[in-house]
Amino acid sequence: MSHVLACIDGSPSAAAVCDCAAWASSTLGAPLTFLHVLDQRRYPVSGDLSGTLGLGSREYLLEELAALDEKRAKLALEHGRVLLEAACERARQAGVPQADTRQRHGDLADTLSELEDDFRLLVIGRQGEGSGLFGQHIGSNLESVVRTLHRPILVTTEHFTAPRSVMLAFDGSTTARKGVAMLAASPLFASLPVHLVMVEADTPENRAQLEAAGEGLRCVGFRVELAIRSGEVEPTLHAYQEEKGVDLMVMGAYGHSRIRQFFVGSITTAMIRASRTPLLLLR
């Protein structure tokens with residue numbers, strides 16, 4: 001569980017994934033691995049077509065169909081190898097001397113679940129190869145990946161620059177406090193100013209919990225800014241982020257609070273779609 005694993009495909013966001021993964025690998029001092037998964041829905045393994053559309057006696061057509069599927073799969077496999085080579089070269093130029101590569105055929109979420117013990121952080125693009133124009137929707141695989149994995153997932157937008165500040169959505173729960181501890185211990189955020197933001201009523205109890213979390217970060221050397229805001233979770237967090245110019249947002253599955261409802265509900269998609277900066281999801 002030491003590697004940074006980055007998912008590479010033929011989407012325009014692949015370069016940002018490379019840059020983000022190279023930054024994370026260098027900052028964490030962790031090995032970097034690039035993964036390309038050949039989608040089994042687009043490139044299925046050849047099967048028996050003899051019962052399809054009454055083609056059993058038309059062997060020449062079956063042979064042509066099988067040959068075409070095989071050729072498409074080989075081309076796609078070669079395209080994946082080229083993408084992985086280009087990713088390694090881009091990472092090398094970004095200061096990562098050596099990166100490993102893996103190539104699989106199957107479902108992305110299932111593949112990542114199988115590899116989960118091998119990595120500490122997943123880097124993935126907000127949009128995949130078939131997602132169309134930027135800003136319209138997120139990749140079809142992303143939600144299933146988020147729901148399946150139990151590792152931190154760094155979702156990058158179409159352009160990446162190394163963050164200069166970080167914001168953590170906080171709700172005072174036990175899991176939220178664990179998120180603060182994770183942030184405090186991670187080399188990924190060691191030199192960054194931290195904004196702790198609670199989207200709740202500004203009560204003495206909420207203020208005390210936020211102050212305690214902030215003090216825990218200050219004790220280990222972080223510069224911390226605290227804020228309690230009211231409103232709907234997604235627009236309130238993004239409004240604060242834009243107001244303060246925060247470069248990286250951190251979210252997590254925090255108990256049964258509004259943040260928890262945010263994370264597992266439809267607002268998750270809205271949050272990822274609306275984000276203009278990388279979003280780190282803590283599981």
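1. Let's start with Thr 236. With a relative accessibility of 12%, Thr 236 counts as buried, because the cut-off for that label is under 20%. You'll find this threonine in helix H7. Keep in mind throughout that this is a predicted model.

2. What does the side chain of Thr 236 reach at 2.5 Å? Its partner is the backbone oxygen of Glu 232. If you set aside neighbours within four places in sequence, Thr 236 is in contact with Val 199, Arg 229, Ser 230 and Gly 231. Val 197 is also worth finding on screen: 39 residues separate it from Thr 236 along the chain, and the two C-alpha atoms are 9.7 Å apart.

3. Follow helix H7 (233–244) onward and you come to a loop that leads to strand S9 (248–252), with Asp 247 in that loop. Is Asp 247 buried or exposed? Its relative accessibility is 17%, so Asp 247 counts as buried. The side chain of Asp 247 reaches the backbone nitrogen of Arg 164 at 2.7 Å.

4. Asp 247 has other company too. Not counting residues up to four places away in sequence, Asp 247 touches Pro 163, Arg 164 and Ser 165, as well as Gln 241, Thr 277 and Pro 278. Remember Thr 277, since this residue is also part of the lining of the largest cavity.

5. On to that cavity. Searching the whole structure turns up one cavity of 30 Å³ or more, and the largest cavity holds about 30 Å³ of space. Its lining is made up of Arg 126, Val 155, Thr 156, Thr 157, Ile 272, Ser 275, Thr 277 and Leu 279. By type, those residues divide into three nonpolar, four polar and one charged.

6. Where does the largest cavity lie with respect to the domains? Domain 1 (3–41 + 75–156) and domain 2 (166–281) both contribute residues to the lining, so the cavity lies between them.

7. Arg 126, one of the lining residues, brings us to Glu 158. The side chains of Glu 158 and Arg 126 are joined by a polar contact of 2.9 Å. Glu 158 sits in the loop between strand S5 (153–156) and strand S6 (166–169). Despite being in a loop, Glu 158 counts as buried because its relative accessibility is 12%.

8. Have a look at Pro 12 while you're at Glu 158. The two residues are 146 apart along the chain, yet 7.2 Å separates their C-alpha atoms.

9. Thr 33 belongs to strand S2 (residues 32–39). At 6% relative accessibility, this threonine counts as buried. Which side chain makes a polar contact of 2.7 Å with that of Thr 33? It belongs to His 3. Leaving aside neighbours within four places in sequence, the contacts of Thr 33 are His 3, Val 4, Leu 5 and Ala 6, together with Asp 100, Thr 101 and Arg 102.

10. Finally, zoom out to the whole protein. Its secondary structure comes to nine helices and 10 strands. Of the 283 residues, 48% are buried. As for contacts between residues at least 6 apart in sequence, 76% of them join residues at least 24 apart.

How values were computed. Residues are numbered from 1 along each chain as its sequence is written. This is a predicted model: local features need pLDDT of at least 70, side-chain atom pairs count only at pLDDT 80 or more; totals for chains, interfaces and linings use all residues. Side-chain values use heavy atoms; hydrogens and water are left out. Helices (H or I, at least four residues) and strands (E, at least two) are DSSP runs, numbered from the N terminus. Buried means under 20% relative accessible area, exposed over 50%, partly exposed in between (1.4 Å probe, protein chains only). A polar contact is a pair of N or O atoms within 3.5 Å; within protein, one must be able to donate a hydrogen and the other to accept it, and residues adjacent in sequence count only if both atoms are side-chain atoms. On a 1 Å grid over the protein atoms alone, a cavity is a set of points where a 1.4 Å probe fits but cannot get out, and a pocket is an open set with protein on both sides within 12 Å along at least five of seven lines; lining residues have an atom within 4 Å of a point. Grid points are joined across faces, edges and corners, and a volume is the space filled by probe spheres set on the points. Ala, Val, Leu, Ile, Met, Phe, Trp, Tyr, Cys and Pro count as nonpolar, Asp, Glu, Lys and Arg as charged, and the others, Gly among them, as polar. Domain bounds come from an automatic or database domain assignment. Contact means heavy atoms within 4.5 Å.
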